[in-house]
Amino acid sequence: MAVFLVVPLQSKELTEELVRRIHFAVPDANDVMIPAERNYALVSYNGLSNELRDALNLTGLRPLANHSVQEINKNENSVPPVANEQILAMVVNLLPGSFNGFGPGEIWEWINSHFISTQR
């Protein structure tokens, strides 16, 4: 399984709602690590970043109640563009030596500029 970093964008810490969504998408508590500061979560998830994004309903476009992760993910290409201020959190797939995931463009530009500068 891949390890993902989930970082809230609408607040300084993970909201109760976002924590609930994480545990809904990843029911095994051993696959989730949330520090006491609650400013991020590490999640071990058997899927891609866009699948975790949809399972967590980060864009707010899919109902979570009474839907399995598989039902939520079945139409992964149907997610329309969402304004940055509507995105609840970003999801980053942590890989040795690289990164990918879902989040606002300016965050990726910052990560890319810092990633390149550390490679020199």
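**Close-up views of a predicted model**

In the chain, residues 24 or more positions apart account for 55% of the contacts with a separation of 6 or more. The model is predicted. Each legend below takes one part of it.

**Figure 1. The whole chain holds 4 helices and 5 strands.** Follow the sequence and the elements come in the pattern β-α-β-β-α-α-β-β-α. The chain has 120 residues, and 37% of them count as buried. About 7,100 Å² of the chain is exposed. Carbon and sulfur atoms supply 54% of that area.

**Figure 2. The 5 strands form an open sheet.** Their order is β2-β3-β1-β4-β5, and the pairing is antiparallel. Which strands sit at the edges? They are β2 and β5 (98-102), and each pairs on one side only. Strands of a sheet pair through backbone hydrogen bonds, either parallel or antiparallel.

**Figure 3. Strand β1 pairs with β3 and with β4.** β1 and β3 run antiparallel and are joined by 5 bridges. Two residues of this pairing are worth finding. Phe 4 has Val 43 in β3 as its bridge partner. Leu 5 stands opposite Leu 42 in β3. Now turn to β4. Here, too, the strands run antiparallel, with 5 bridges between β1 and β4. Pro 8 stands opposite Ala 89 in β4. In a regular strand the side chains alternate between the two faces of the sheet.

**Figure 4. Strand β2 (residues 32-33) pairs with β3.** The two strands are antiparallel and share 2 bridges. Met 33 stands opposite Leu 42 in β3. Leu 42 also faces Leu 5. How many residues of β3 are buried? The count is 4 of 5, so β3 is largely enclosed by the rest of the structure. The loop between β2 and β3 contains Arg 38. Arg 38 is not a glycine, yet its phi is positive, at about 55°.

**Figure 5. Phe 4 and Tyr 45 form an aromatic pair.** A search of the whole structure finds 1 such pair. The rings meet edge-to-face. Their centres are 6.3 Å apart, with 70° between the planes. The pair links distant parts of the chain. Phe 4 belongs to strand β1 (residues 2-8), and Tyr 45 belongs to strand β3 (residues 41-45). The two residues are 41 residues apart. Are these rings' residues buried or exposed? Phe 4 counts as buried because its relative accessibility is 0%, below the 20% cut-off. Tyr 45 is buried as well, with a relative accessible area of 7%.

**Figure 6. Strand β4 (residues 89-95) pairs with β5.** These strands run antiparallel and are joined by 5 bridges. Val 92 has Gly 101 in β5 as its bridge partner. Asn 93 is also in strand β4. Asn 93 is buried, and its relative accessible area is 10%. What does Asn 93 touch, leaving out residues up to four places away in sequence? Its contacts are Ala 2, Val 3, Phe 4, Ser 98, Phe 99 and Asn 100. Phe 4, one of these contacts, is also in the aromatic pair with Tyr 45.

**Figure 7. Helix α1 (residues 16-25) has five buried residues: Leu 18, Val 19, Arg 21, Ile 22 and Ala 25.** Where do they fall around the helix? Seen down the axis of α1, the buried residues lie within an arc of 160°, so they line one face of the helix. A general rule helps in reading this view. An α-helix has 3.6 residues a turn, so residues three or four places apart point the same way.

**Figure 8. Arg 53 lies over the face of Phe 102.** The distance from Arg 53 to the ring centre is 5.0 Å.

**Figure 9. Asn 57 lies in the loop between α2 (49-56) and α3 (69-73).** Its phi is near 55°. That is a positive value in a residue other than glycine. Asn 57 is buried, with a relative accessible area of 6%.

Definitions and conventions: Residues numbered from 1 in each chain as written. Predicted model: local features only at pLDDT ≥ 70, side-chain atom pairs only at ≥ 80, totals over all residues. Heavy atoms only, no water. Buried < 20%, exposed > 50% of the residue type's maximum accessible area, 1.4 Å probe, protein only. Contact = heavy atoms within 4.5 Å. Areas by Shrake-Rupley, 256 points an atom, 1.4 Å probe, with all protein chains shown as cover. Arc of directions from axis to C-beta. Phe/Tyr/Trp six-rings, centres within 6.5 Å; stacked < 30°, edge-to-face > 60°. Lys NZ or Arg CZ within 6 Å of the ring centre and 35° of its normal. Pairing = 2+ DSSP bridges.
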